[in-house]
Amino acid sequence: MSMPEQHDYLRTKLTRRGLLRTSAATAGVVAGSGLLAGSAQAVSPTLLTSQATATVDGSLVAPFGRHLAFGADPKSQMRIGWQVPFAVKRPYLRVGLKPWDLGRKIEAEVRDLHTPSLSAKLPAVQQYYLHAALDGLRPGTTYYYGVGHDGFDPADPRHFSTVGTFRTAPARAEKFVFTAFGDQGVSYHALANDQLILGQNPSFHLHAGDICYADPDGQGSDHDTYDARVWDQFLAQTESVAKSVPWMVTTGNHDMEAWYSPNGYGGQNARWTLPGNGPDAKNAPGVYSFTYGNVAVVALDANDISYEIPANQGYTGGRQTRWLDRRLAELRAAKGIDFIVVFFHHCAFSTTNSHASEGGVRDAWLPLFEKHRVDLVINGHNHVYERTDAIKGGRVSKKMPIGESVDSAHEGIVYVTAGGAGRSLYDFPVPDSYEGHVKDLDHVDTYHWSKGQVKTKDTVEWSRVRYTGYSFIAVEVSPGHRPRMKVTALAESGERIDHFEVTRSH
């Protein structure tokens, strides 16, 4: 079924069972333990009635799961989200230039989600997500902030440890680092990657879809299961990084949640505030762009064009692809932008046995990437690290052994699959080949997805680096007369498994 059909099915099914009436009086309480459990089934929250939770003193309710995101202009806009386990009175954000002076106070927006018992094994869950928008900030400035509500004031010395920081984008291009991965979920491997990412001191992080796996099936079918409590685990896990590093997400197949809205993104809109400058911010929240220094970043939703998992195929009616064409042209013509980085979930080029390559991406978007000379493409979906040679027209335009450099304007685009963020790993049909363990092959026999969910066999030459392990990428950007991006892939152990350089001649 399509996402709208699944949405209608769930609403009709539960209405007939009467669960909408009986489950609304219960709410899932975030457990203090089990936040790093491998799956939500390990957590068994106590269920309290709404009458009981209404009397909880605000001083006993601690915010958690803070996560930042840029607005459309990272020099002057920041969006701050967080969560509370119960409804609270008058939630707000405090912000200032010193940790002891949080004089500016901003009312928070409450976006609550009610998830009924979608199966006999799962309780009904009530979740409260809070959001505050900061505009008019100074470029290149460090700010301090705290989140609170009646009874819990972050400016109170008792809560001083809850004060966080963030830094706006600089007014002029300067050297910086950003990090990226996809397919994280909740696990000790995910936590290990988070801590290593924090050590890179990134200016922002890109999460290329399949965020928390509240829907562990992700097939876009009516057989998918869904446990909203996994989001509580995920946001608690991610807070160590996301409270100070803007965590920029887009949507994967596991992020389509049919209960909340016909397009599956109602939950996404409740939990995240993203730049909102794409073709349809409400219905396509994972489609947007922003500029940081000399780098423009474009986020896309490949569910819209996927042949493999077509539950949301065509949901934008072509608006996303038309917007992409226009936006890439604008960014390429903009003064001060050297590099364009595009990230989305489904892989244009991968050779794993599990998902391999998405033909829908190749058909709809690769011509636009080449037309507008995109410099780097980052994907998830396949739970491994894999990196191509430079590619033009679907073929190798320059071989890219480890440590090589490519002039993206003339020699082609490198595509990176960084899907080893924390979820269970996939495998390749051929041996791994990575730094210190190079096993170059003339070709790899694999496949790509064609229209109608058909697997079409491929024999490819572009699979240059393959690593079956947990990992992420860090990109060091240097502006100047010869701008460059140094891309490094790191295993969760800190071991370097790949590195290459993208330069740009004008």
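Guide: A cavity is a set of grid points where a 1.4 Å probe fits but cannot get out, and its lining residues have an atom within 4 Å of a point. The model discussed here is predicted.

Visitor: Which residues line the second largest cavity?

Guide: The count comes to 2 cavities of 30 Å³ or more. The second largest holds about 40 Å³ of space. Its lining is made up of T115, P116, L118, L122, P123, V125, Y226, D227 and A228.

Visitor: Is D227 buried or exposed?

Guide: D227 is found in the loop between strand 12 (204-207) and helix 5 (229-242). Buried means under 20% relative accessible area. D227 has 5% relative accessibility, so D227 counts as buried.

Visitor: With which side chain does the side chain of D227 make a polar contact?

Guide: D227 is one of the residues that line the second largest cavity. Its side chain also takes part in a polar contact of 2.7 Å, and the partner is the side chain of R229.

Visitor: Which residues does UniProt list for "domain: Purple acid phosphatase N-terminal"?

Guide: The name comes from UniProt, in an unreviewed entry. In the model, the stretch that carries this name is 0% helix and 48% strand, with its end C-alpha atoms 23 Å apart. The record lists residues 63-168.

Visitor: Where is R94, and is R94 buried or exposed?

Guide: R94 has its place in strand 5, which covers residues 92-96. Its relative accessibility is 15%, and the limit for buried is under 20%. R94 therefore counts as buried.

Visitor: Which side chain is joined to that of R94 by a polar contact?

Guide: Leaving aside neighbours within four places in sequence, R94 is in contact with residues including L102, Y144, D153 and P154. A polar atom of the R94 side chain lies 3.3 Å from the backbone oxygen of L102. The side-chain partner, in a polar contact of 2.9 Å, is D153.

Visitor: Is W100 buried or exposed?

Guide: W100 lies in the loop between strand 5 and strand 6 (104-107). Its C-alpha atom is separated by 9.3 Å from that of V163, although the two residues are 63 residues apart along the chain. Exposed means over 50% relative accessible area. W100 is at 67%, so W100 counts as exposed.

Visitor: How many disulfides does the structure hold?

Guide: A disulfide needs a pair of cysteine sulfur atoms within 2.5 Å. The sulfur of C212 has its closest cysteine sulfur in C347, 20 Å away, which is too far for a bond. C347 is likewise in no disulfide. The structure holds 0 disulfides.

Visitor: Are C212 and C347 buried or exposed?

Guide: Buried is the word for under 20% relative accessible area. C212 is at 2% relative accessibility and so counts as buried. C347 has a relative accessible area of 1%, so C347 too is buried.

Visitor: What separates the C-alpha atoms of T503 and S408?

Guide: T503 is found in strand 29 (residues 496-503). At 5% relative accessibility, T503 counts as buried. Beyond its neighbours within four places in sequence, T503 is in contact with several residues, among them F339, V406, S408 and R482. T503 and S408 are 95 residues apart along the chain, and their C-alpha atoms are separated by 6.4 Å.

Notes. Residues are numbered from 1 along each chain as its sequence is written. This is a predicted model: local features need pLDDT of at least 70, side-chain atom pairs count only at pLDDT 80 or more; totals for chains, interfaces and linings use all residues. Side-chain values use heavy atoms; hydrogens and water are left out. Helices (H or I, at least four residues) and strands (E, at least two) are DSSP runs, numbered from the N terminus. Buried means under 20% relative accessible area, exposed over 50%, partly exposed in between (1.4 Å probe, protein chains only). A polar contact is a pair of N or O atoms within 3.5 Å; within protein, one must be able to donate a hydrogen and the other to accept it, and residues adjacent in sequence count only if both atoms are side-chain atoms. Contact means heavy atoms within 4.5 Å. UniProt positions are given in the numbering used here, feature names are shortened, and annotations may be inferred rather than shown by experiment. On a 1 Å grid over the protein atoms alone, a cavity is a set of points where a 1.4 Å probe fits but cannot get out, and a pocket is an open set with protein on both sides within 12 Å along at least five of seven lines; lining residues have an atom within 4 Å of a point. Grid points are joined across faces, edges and corners, and a volume is the space filled by probe spheres set on the points.
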